[in-house]
Each structure stands twice: as structure tokens, then as C-alpha cells.
Amino acid sequence: MKKILYIIFILFLFTLLLKGCLKQDMGYDEPSKFTDARPLDVIEYNLPPFETKTIDGVDYLVSRGEVGKYGGDFVTSTIGEGPKTFNPFNTNDATSSQMAGLMYDGLLSTDAFTGDVTLRMAKRLNILPDDMTYIIELRHGLKWSDGREITADDVVFTYNDIVFSGYGDTSTRDALYVDGKLPTVEKLDKYTVKFRTPVPFAPFLRNLSMSIAPKHIFKPAVDKGKEYFRGFYSTTTKPSDFVVSGAFKLREYIPAQRVVFERNPDYYVIDKNGNKLPYLDRWIMLIVGDLNNDILKFEAEETDTTTIPGSMASRYREFEKKSDYTLYNLGPTTNTSFIIFNMNTRKNKKGEFYIDPVKQLWFNDENFRKAIDWAIDRESLVLNVLSGVGQPLYTAESITSIFINDEIAKGHSQDIEYAKELLLKSGFKLKDGILYDKYGNRVEFELLTNAGNTQREATGVSIKEDLSKLGIKVNFKPIEFNTLVNRITNTLDYEAAIMSLTGNPLEPHSGNNVWRSDGTLHIFNQRSENDMKSTDKLLPFEKELNEIFDKAKIQTDVQKRKELYNRYQQIVAEHNPVIYLYSPVNIVAIRNKFKNIYPTQLGGTVHNIEEIYIDK
């Protein structure tokens, strides 16, 4: 227990230090960084700790914000085509995960202000001296939205029958393996469960934040097998069929238009006066297609919050003086934007390669990938795509990570001549401004990204121009987001893509499924579901990454974990399986009519959605 507490304390100290460094590095005190707008403030809050209050046998969680008022809607938006599923165990995109987060809670959570692990559905957590045994007592009297009581049976079922059995997205399960073994979970009594890990496991507590499923609803779906489960609680499910534990439940979904949630009257969070939360009647997400429509909806007062592109930061800061909104600077995002190449050299069930074998040779050539890395002008991307509101990114960890490798983070400037030298080493030749490989094939590939994201579309245009200086022809093609995800993670029929993943700045192990060779998001060399565990054609650096993440997760010494994660970032920078691009500053606008608004870098704008209310 002392070791765990020590780790959390050290992480907290690192977080405090990081805030100070970011304020200096990102130029929050330099108006020029925001294109002549005055600098946006980094907001800090002083709120009391969470408390539990028992009323009529129910262990309520007491909110920390001020007492508010009931009623009204909070309208937000998403670009793209909307959620792919409402099943919390099948989500692998940000929108679907956000939907699940509204409807289902976990045992624990991460405090959006401090980064500490905090109680949620759990009333009490006790870590035994062996640092491998976790006793968790549920809050008594919690109810599912259909009135059934939430008990230890639901917890044990969730982990044993869904997660550990490999139903839905297996990222959580895969991250919990230690020496081929999973943790165990057992019921001690109606409200108490015991988890036990094979060895002390540093990231374990954060894995207990995943959604808990209602056993009486999900068991019939599990009994029908994994194929059936993939379609369970899909976007075609009737809203009345959903049984949830979160602050909101689904009321309406109209594809390509909107998702509407209504308050869950049985939610277990109350305010200081004992009033049940949430205060809002409805939480509405409009599906707006692209970033331009997102901004237009906000300016037309059809939405209540939006993320402000860097190009508009000055404009919105000026408008703020006479507007009904407030701008919040949340610092660098935890997103890592990057370009990847399809390095998969396996064959599908038909015995065919997923992509052209000629291009496989290019993408698996380290000099080729390194040349691309050196040819990209990240400073220009930040200036032109982000309007200077951001900075270049060179590491596999986000700029906000407390485990960032400072040496790798320094990066390098664009160097076209050096990039040409790297290509020459692998036999590529430039003739009349066109690049050919050593077999005489012209170097040309398709670069995908998700349509509607104007930043990524602008990034693709810029990268196409940069690579043309090497004689490479890039066929840049924005496509629908769900189609993009399917091609990268399922059908594997893509050549290159610009994407972004959200990292956890407090725990690199959250990226385990990206960097382990059998991870479900090991997208640069993604295996099909049939050969996910196979080590066939495993690259040497992939083997080392496997070893690093296996060692780091059972290492309880923070400094030694830091050394391991420094090495993984060095490997990625040396071999360039993923080429990182930039990190924007996250600037959000929220209508002033909403109170209990506490945006944070870790939690975003609506992490405390149950507390938010309208000051009528």
C-alpha cells in the first residue's frame, strides 16, 4: 500500500512541475503565440475532496461544485458521422467512448483536477500489504436505470465474462496480462469484490475505471457468443432498451443528425443539499460533419460549447468581450497527431498481401520512413495549420505526459538534403524530379485522413507538398471517419494515413495496445484478428517494445519506469513506425449561462457534466 501511495504522490508532484514547465514552454505569457490576442489564462480550481453521504441506506457520492438548479439542455457537437456503437465494451473511437462514458460508470475514476485515482461506484478501496490484492466495496443501494440493484455480481460478471473472456474491444484485457496471466476477481459478499494481480502491477488501479455492465442485461448477449456481442447495444438499438448506471440515458439517436440523452433519475451522485444529480434535463450532441460546420453552429448559438481552432483564437478572444461565452485555455492537448505507413507483410485468408508488395518494401525500409520524418516541416505545420497555437511533436508521448523523454522531445528541423541522403542509402534515385526505387518503380502512395477535420486535411496538403521535394507523389484522400478506422484496424487495406490518438499523460501503459505487437491498435503493423497473438514476422524493435511494456507495468519504482518509457520513446524516434507531427493548444468556448464549469487539461470541458447547471 505504501508503494502505491508513494507512486501517486510522485505522479502528483510531477504534474505540478509539468504545469509550470508548460506555462513557460507554450508561451502562455506571450501574446504573439495567440496571433496578437492577449494570453489565455491557465485556470486552477480549489475544490473540496469527494465525500460519501448515506441516506436511507444509499451511499451517495457528494458532488464538489456549488448547489445548482434543475432544468435545461447542454448542446455540444461532434464532427464526422457520429457514434459507431453504444456498447461501452465495443468502443474504439472517441465519440462512441464519450457516449458510453455518459451512460456507464466504473468503480474508480481519475480526478480531472489532480490526476489522482478517486472512488466512483466504489465506496471503499483497500490495497493489502502485498500490493497485489485489492478489496473494493461498492456503494450500497446503487440502482440500474431499470430499478435493479447494482451488486458485486455485476462487477465479477463484467471482468470475468466480458473483459477477461475477450468480448468486444480487447484493449483493456490485453493491457492486464502479466507473464501470460490475467488478474483474478471474486465476490466476497453482495457488495464486495477482491481483485488480485499475479505481481505488483503499477497501472492496475486506472484499469478499474472501465464501465460496469448490468449482468441481467449483458449475460444473454454474452451467452450468444462474440459475433452477436459485436452488434449488441448498437446504434440501431431502441433507446428504451438501454439499462445504464451513468448520469444520462439514451433518449433518441438520429443518424448523421443528433444524439439525445436524458437525465437518469436513479443516478447516485447528489449535491451538498442532498438533491439528486444531474441538474440538466438533456445532453445533446449534434453531428455536424466537419469543423467549419461546428464553428458555424456555435456562432449561430445552436451549440453551447466548441473547440476553437488556432486560426480563430484572436478573433474569438476579441469577440469574447461582448459575447455570451468565455474562452478557456486547457494547455496542449493529450492528442498525438501522426502519419503512419502500413508495414504489414502478412497475407489475408485468400493468400493475398493487404497492400502492393512493392510498397511494402518501401514502408518497411527504415531509411524511407526516416526520410519522411526529416522531410516534414513541422514548424510550418504549426504556423499554417495551427496558426502558431501549438508546437511540433516528436515523441510517442504527448507534450503533457509526465513521462516525456525530454531529449527526444527536442526534435529536429526539416532537412530535405539529409532526407535525400537517407533515400540514396536504400537505393532510391531521383531523376527529373521523380523518385524511383532501386527496381525502377516510381514512388507513389495514397495518404488517407478523415474528411471534415480541416486541420488534418490541411496537414495532408502540407505533407504532400513537403514530400514532393523528394520526388514522391502523394495521392491525398480524405474519407469518412468510420471507413478510415475500418480500413486501418480491420481490413488493413490502406497505404498511409494521418490520424490522432488520445494519450494518458499520467500513465504510458494506456498506450500498451498501440505499442505491443499484439495490441488492437498496433496500427502501423496491425495483425488481423486471426493472427493477433502470432509473433510471425515480428520486427526487432517490436520485440524490444514488447519487453519494455512488460517490464514497466510491473515496475513500482517511478524513476525506473521513467527510464523504461524513455527508451520506448527513443526506439520510436529511431525506427519511425509512427511519425509525429504537432500538438495543438486546446482552447474551448462555453456559454456563460452554464455554471459549475471547471474545464481542465485532464478532463476537458464536461468531465463533471452531472454538476453543470443553467443559471436562469
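An open sheet of five strands, with mixed pairing, runs in the order E21-E20-E22-E16-E23. Its edge strands are E21 (473–479) and E23 (578–580), each of which pairs on one side only. Ignoring direction, neighbouring strands of this sheet are turned by 30° against each other on average. The model in which this sheet appears is a predicted one.

Within the five-stranded sheet, strand E20 (residues 444–450) and strand E22 (residues 496–502) run parallel and are joined by two bridges. Leucine 447 has alanine 496 in E22 as its bridge partner. Helix H15 (residues 481–491) lies across E20, E21, E22 and strand E16 (335–341). The helix runs at about 130° to E20.

A second open sheet has four strands in the order E3-E13-E11-E10, and its pairing is mixed. Here the edges are strand E3 (73–79) and strand E10 (248–254), both pairing on one side only. The average turn between neighbouring strands of this sheet is 20°, direction ignored. Edge strand E10 pairs with strand E11 (residues 258–263) in the antiparallel sense, over six bridges. Across this pairing, glutamate 252 stands opposite valine 260 in E11.

Two helices pack on the four-stranded sheet. Helix H2 (residues 94–103) touches E3, E10, E11 and strand E13 (282–289), and the direction of H2 makes about 175° with that of E13. Helix H7 (residues 291–299) touches E3 and E13; the direction of H7 makes about 135° with that of E13.

Packing between helices can be followed at H10 and H18. Two packed helices are described by the angle between their axes and the distance between the axes. For helix H10 (residues 366–375) and helix H18 (residues 558–575), the axes come within 8 Å and cross at roughly 95°. Because of that angle, H10 counts as roughly perpendicular to H18. The contact brings Glu366, Arg369 and Lys370 in H10 to Ala573, Glu574 and His575 in H18. By class, the residues of this contact divide into four charged, one polar and one nonpolar.

Confidence remains to be considered. The protein chain has an average pLDDT of 88, and 91% of the residues score at least 70. Over residues 1–44, pLDDT stays under 50. For this stretch the model has 84 contacts beyond four places in sequence.

Conventions:
Residues are numbered from 1 along each chain as its sequence is written. This is a predicted model: local features need pLDDT of at least 70, side-chain atom pairs count only at pLDDT 80 or more; totals for chains, interfaces and linings use all residues. Side-chain values use heavy atoms; hydrogens and water are left out. Axes are lines fitted to C-alpha atoms, for helices over the stretch in contact, and angles run from 0 to 180 degrees between N-to-C directions. Angles under 35 degrees count as roughly parallel, over 145 as roughly antiparallel, 65 to 115 as roughly perpendicular and the rest as oblique. Contact means heavy atoms within 4.5 Å. Ala, Val, Leu, Ile, Met, Phe, Trp, Tyr, Cys and Pro count as nonpolar, Asp, Glu, Lys and Arg as charged, and the others, Gly among them, as polar. pLDDT is the predictor's confidence in each residue, from 0 to 100. Two strands pair if DSSP finds at least two bridges between them.
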